Amino acid sequence: MKYILPFVTLSLLLTGCSPRSPRDVKIQKELTGSWSNGLGDTVIASDGAYHCQMTSSDGKITKVVGTMIAKNGVLIDTLTSTTQTNISVPQSVVWHSFKFSNDGRELDLIGNNGATQATLRKVEK
């Protein structure tokens, strides 16, 4: 009886810390690097942390910080801070549909309506 609580606790810890699937690891590896969408550049670290700087057509600069994590075959994009004052944070978007080009140099983020919402292009640094 005295071993039940430690056993249950260990079981819960191991369940919550399950390893990532090989597919998620591959996706996260492909995400890592510098990307551009025409409005600015985004740098995504191997742990999913990113920072982005965008410049609008009128020259206003917006900075964004967040995480993009591959989990269970989807991308979870969480905005944690921004210099844009009309956006509340944190804010998350789950990209259920996305597609890397064959050479891994482009990433299309596809919305629920099936249309591409953003295309990111890998930048050599």
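This is a short tutorial dialogue on reading the features of one predicted model.

User: Before we start, what are the ground rules for the numbers?

Analyst: It's a predicted model, so local features need pLDDT of at least 70 and side-chain atom pairs count only at pLDDT 80 or more, while totals for chains, interfaces and linings use all residues. Residues are numbered from 1 along each chain as its sequence is written, and side-chain values use heavy atoms, with hydrogens and water left out.

User: Which helices and strands does the protein have?

Analyst: Helices (H or I, at least four residues) and strands (E, at least two) are DSSP runs, numbered from the N terminus. Here that comes to two helices and nine strands, in the pattern α-α-β-β-β-β-β-β-β-β-β along the sequence.

User: How do I read the sheet, and in what order do the strands sit?

Analyst: Strands of a sheet pair through backbone hydrogen bonds, either parallel or antiparallel. Two strands count as paired if DSSP finds at least two bridges between them. In this model nine strands make an open sheet, ordered E6-E5-E4-E3-E2-E1-E9-E8-E7, with antiparallel pairing. E6 (91-95) and E7 are at the edges with a single partner strand each, so one side of each has no neighbour in the sheet. The twist from one strand to the next averages 25°.

User: Which residues pair up, say between E2 and E3?

Analyst: Strand E2 (residues 40-44) is joined to E3 by five bridges, and Asp41 stands opposite Gln53 of E3. At the E7 end, four bridges join E7 to E8, again antiparallel, with Phe98 partnered by Leu109 in E8. E7 and E8 form a hairpin with five residues between them, and Gly104 in the turn has a positive phi of about 75°.

User: Where do the side chains of E7 point?

Analyst: In a regular strand the side chains alternate between the two faces of the sheet. For burial, the cut-offs are under 20% relative accessible area for buried, over 50% for exposed, and partly exposed in between (1.4 Å probe, protein chains only). Along E7, Phe98 and Phe100 point to one face and are buried, while Ser97 and Lys99 point to the other and are not. Across the 125 residues of the protein, 27% count as buried.

User: Which residues have the most contacts inside the largest nonpolar core?

Analyst: In soluble globular proteins, nonpolar side chains tend to be buried together. A nonpolar core is a set of buried Ala, Val, Leu, Ile, Met, Phe, Trp, Tyr and Cys residues joined through side-chain atoms within 4.5 Å. The largest one here has 17 residues, and those with the most contacts inside it are Ile27, Leu31, Leu75, Phe98, Phe100 and Leu107. Elements giving two or more residues to this core include helix H2 (22-31), strand E5 (74-82) and strand E8 (106-110). E4 gives the most, with three residues.

User: What do Ile27 and Leu31 touch?

Analyst: Contact means heavy atoms within 4.5 Å. Leaving out residues up to four places away in sequence, Ile27 touches Ala70, Leu75, Phe98 and Phe100. On the same basis, Leu31 touches Ile44, Met68, Leu75, Phe100 and Leu107. Ile27 is found in H2 and is buried, with a relative accessible area of 5%.

User: How does H2 run relative to E4?

Analyst: Axes are lines fitted to C-alpha atoms, for helices over the stretch in contact, and angles run from 0 to 180 degrees between N-to-C directions. H2 runs at about 155° to E4, and the strands it lies across include E1 (33-36), E2 and E9 (116-123).

User: Which backbone oddities should I check?

Analyst: Val89 and Pro90 are joined by a cis peptide bond, with omega about 0°; Pro90 is in the loop between E5 and E6. Asn72 has a positive phi of about 55° although it is not a glycine. Asn72 lies in the loop between E4 and E5 and is exposed, with a relative accessible area of 69%.

User: And Thr62: buried or exposed?

Analyst: Thr62, in strand E4, is buried at 12% relative accessible area. Beyond residues up to four places away in sequence, Thr62 touches Cys52, Gln53, Met54, Thr82, Thr83 and Gln84.
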